[in-house]
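Please open the model in your viewer and keep the sequence panel visible. The tour proceeds by selection, with a short account of what is found at each stop.

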Amino acid sequence: MTSTTWIDEIDPNRALRSPSHPGLVRDGVPVDLDAAADAVRSLLVALGQDVHSVHLQDTPRRVAAAYAELLTSEPFTLTTFPNDGRYDELVLVREIPFRSLCEHHLLPFHGVAHIGYLPDERIVGLSKLARVAEHFARGLQVQERLTQQIANCLQENLRAKGVAVVLEAEHLCMSLRGVRAHGAHTVTSTLLGLHREHPATRQEFFTLARVRH
Ligand SMILES: Nc1nc2c(ncn2[C@@H]2O[C@H](COP(=O)(O)OP(=O)(O)OP(=O)(O)O)[C@@H](O)[C@H]2O)c(=O)[nH]1
Ligand SMILES: [Zn+2]
């Protein structure tokens with residue numbers, strides 16, 4: 001028997017495709033790609049760019065589509081299974097690639113997620129760990145909140161004995177511009193249940209995830 005939870009039931013700030021709006025929808029608001037393209041055109045003009053140049057002709061449309069893609073996630077099912085074998089060791093998926101958009105500069109931050117849990121009654125389809133990360137990464141984010149949302153979503157749906165999430169990311173707003181700290185990586189973690197309370201459980205996760213701490 002599998003258990004199916006629609007991810008858009010889990011996250012009230014979800015992005016979804018609504019049957020009444022065949023186009024993109026974010027937080028219940030339809031995405032207006034034409035208005036977004038007009039805004040990008042205005043931005044380019046304000047920044048002194050020649051939007052009448054043949055080279056920039058389609059740029060506003062492309063930028064609008066690119067941001068809509070980065071900000072909108074598809075609903076999916078978070079499939080879990082009964083833990084019939086009473087598996088009671090760590091389940092860990094390491095180095096799940098992700099990319100998100102920094103809510104301060106609208107520039108990407110990207111890196112890898114390490115997601116682990118200690119099963120109780122149920123186990124989760126492994127790909128769903130990556131899908132949960134992808135779901136919350138599609139939006140305007142700070143790394144801390146993204147880390148917490150992934151962990152909380154898994155815990156709410158799995159009722160695991162412990163959940164641990166570590167994100168390691170490079171923020172382009174910090175490496176390409178501003179302080180230009182190229183190569184600097186930001187590490188964030190959220191530990192729940194036994195991963196928070198039990199030092200040996202926490203240690204095992206960090207060792208297997210190969211995170212320096
Ligand atoms: N805590 C946190 N800060 C972030 C994240 N992404 C970007 N920031 C920071 O958000 C801050 C915004 O600071 P401001 O001083 O308002 O912006 P700014 O003048 O562009 O700052 P600089 O980047 O230092 O040039 C910067 O320090 C960014 O590094 C994140 O995921 N988490
Ligand atoms: Zn930023």
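Select Val93 together with Ile115 in β6, which is its bridge partner. This is a predicted model, in which local features need pLDDT of at least 70 and side-chain atom pairs count only at pLDDT 80 or more, while totals for chains, interfaces and linings use all residues. Residues are numbered from 1 along each chain as its sequence is written, and chains are lettered from A and ligands numbered from 1 in the order in which they are written.

**The strands**

Extend the selection to β5 (residues 91-102) and β6 (residues 108-118), which pair in the antiparallel sense over nine bridges. Strands here are DSSP runs of E with at least two residues, helices are runs of H or I with at least four, and both are numbered from the N terminus; two strands pair if DSSP finds at least two bridges between them. Pro97 is another residue to highlight, with Val112 in β6 as its bridge partner. Next, move to the turn: β5 and β6 form a hairpin with five residues between them. Leu106 in this turn has a positive phi of about 60°.

Which strand pairs with β6 over 10 bridges? Strand β9 (residues 162-171) does so, in the antiparallel sense. To locate this pairing, select Tyr117 and its bridge partner in β9, Val163. Then return to β5, which pairs with strand β8 (residues 140-141) in the parallel sense over two bridges. There, Cys102 stands opposite Gln141 in β8.

**The surroundings of ligand 1**

Keep Cys102 selected and add ligand 1, since the shell includes this residue. The residues around the ligand (C-beta atom, placed from the backbone, within 6 Å of it) are Cys102, His104, Val142, Gln143, Glu144, His171, Cys173, Met174, Gly178 and Val179. Two elements, α5 (143-158) and α6 (172-175), each give two or more residues to this shell. Colouring by class shows five nonpolar, four polar and one charged residues. In this scheme Ala, Val, Leu, Ile, Met, Phe, Trp, Tyr, Cys and Pro count as nonpolar, Asp, Glu, Lys and Arg as charged, and the others, Gly among them, as polar.

**Arg41 and the domains**

Now select Arg41, in helix α2 (residues 33-46). Is Arg41 buried or partly exposed? Arg41 is partly exposed because 18 other C-beta atoms lie within 10 Å; 20 or more would make a residue buried and 12 or fewer exposed, with C-beta atoms placed from the backbone. Leaving aside neighbours within four places in sequence, Arg41 is in contact (C-beta atoms, placed from the backbone, within 7 Å) with Val51 and Pro60.

Zoom out to colour domain 1 (32-71) and domain 2 (79-209), whose bounds come from an automatic or database domain assignment. Their C-alpha centres lie 33 Å apart.

**Confidence**

Finally, colour by pLDDT, the predictor's confidence in each residue, from 0 to 100. The chain has a mean pLDDT of 89, and 86% of its residues reach 70 or more. Over residues 8-22 the pLDDT is below 50. Where pLDDT is low, the predicted coordinates should not be read in detail.

Notes
Two residues are in contact if their C-beta atoms, placed from the backbone, lie within 7 Å.
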